[in-house]
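Colleague: Could you take me through one part of this fold in detail, the sheet and whatever sits against it? I'd like one connected account rather than a list.

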Amino acid sequence: MPVRLKPVFWIGSSRAGLKEFPEDVQGAIGFALYVAQGGGMHEDAKPLHGFGGASVLEVIADHHGDTYRAVYTVRLTDCVYVLHSFQKKSKRGIKTSRKDLDLIKNRLKQAEKHHEEWTRQQDKKE
């Protein structure tokens, strides 16, 4: 029996950000999102600190000394929401910047609002 893939929704400029990444990074992150669509967690995905548990995840990919990240959530039933895609600028430490964390929090709120509306529409179709 084939696995039903969850739809992916892109919040803000997350899709445009991913499209600016090198092709192999896009492929690696795209595959990790595909695994999430099927209900799994790719080996390169890990919980993003500060969001409680494993419902907000980040995929980190390196390319020629640069680090790229995509943050997504599986917190909202039956959907994957990509919240942010960005190149890590700081060469010191592994922490995500306060600016990026604030953006992710705001986009998570947008995703929650979108999910409420989307769920209502799905319920009307049934």
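Modeller: Let's fix one term before anything else: a residue is called buried when its relative accessible area is under 20%, exposed when that figure is over 50%, and partly exposed in between. Keep in mind too that this is a predicted model.

With that cut-off, seven of the eight residues of strand 4 are buried, so the rest of the structure largely encloses this strand. Strand 5 is mostly covered as well, with eight of its nine residues buried.

Now for where these strands sit. The sheet is open and has five strands in the order 1-5-4-3-2, with mixed pairing. Its edges are strand 1 (8–10) and strand 2 (45–47), each of which pairs on one side only. From one strand to the next, the twist averages 35°.

Going through the neighbours, start with strand 1 and strand 5 (residues 80–88): they run parallel and are joined by three bridges. Here Phe9 has Tyr81 as its bridge partner, and Trp10 stands opposite Val82.

Strand 5 also runs antiparallel to strand 4, with seven bridges joining the two. Among the facing residues, Val71 stands opposite His84 of strand 5, while Thr67 has Lys88 as its bridge partner. These two strands form a hairpin with six residues between them, and Asp78 in the turn has a positive phi of about 65°.

On to strand 3 and strand 4, which are antiparallel too and share eight bridges. Thr67 turns up again here, this time with Asp62 opposite. This hairpin has two residues between its strands, and His64 takes a positive phi near 50°.

A salt bridge also spans this pair of strands: Arg69 and Glu58 have their closest N and O atoms 3.5 Å apart. Arg69 is in strand 4 and Glu58 in strand 3, eleven residues apart in the chain. Both of these residues are buried.

As for what packs on the sheet, helix 2 (residues 23–37) touches strand 1, strand 3 (56–63), strand 4 (66–73) and strand 5, and its direction makes about 155° with that of strand 3. Helix 3 (residues 98–125) touches strand 1, strand 3, strand 4 and strand 5, with its direction at about 160° to that of strand 5.

Each helix has something else worth a look. In helix 2 you'll find Phe31, which counts as partly exposed because its relative accessibility is 46%. Phe31 joins Val3, Leu5 and Tyr34 in a nonpolar surface patch, with about 400 Å² of accessible area together.

Helix 3 brings in further salt bridges. One is between Glu112 and Arg75, with the closest N and O atoms 3.5 Å apart. Since Glu112 lies in helix 3 and Arg75 in the loop between strand 4 and strand 5, this pair ties together parts that are 37 residues apart in sequence. Glu112 is partly exposed at 29% relative accessibility, and Arg75 is also partly exposed, at 35%.

Another pair, Asp102 and Arg98, has its closest N and O atoms 3.5 Å apart. Both residues lie in helix 3, four residues apart, which is about one turn of the helix. Asp102 counts as partly exposed at 34%, whereas Arg98 is exposed, with a relative accessible area of 53%. The count of salt bridges comes to three.

Notes: Residues numbered from 1 in each chain as written. Predicted model: local features only at pLDDT ≥ 70, side-chain atom pairs only at ≥ 80, totals over all residues. Heavy atoms only, no water. Pairing = 2+ DSSP bridges. Axes fitted to C-alpha atoms, helices over the stretch in contact; angles between N-to-C directions. Contact = heavy atoms within 4.5 Å. Patch = residues over 30% accessible without salt bridge, like charges linked within 9 Å, V, L, I, M, F, W, Y side chains within 5 Å. Areas by Shrake-Rupley, 256 points an atom, 1.4 Å probe, with all protein chains shown as cover. Salt bridge = Lys/Arg side-chain N within 4 Å of Asp/Glu carboxyl O. Buried < 20%, exposed > 50% of the residue type's maximum accessible area, 1.4 Å probe, protein only.
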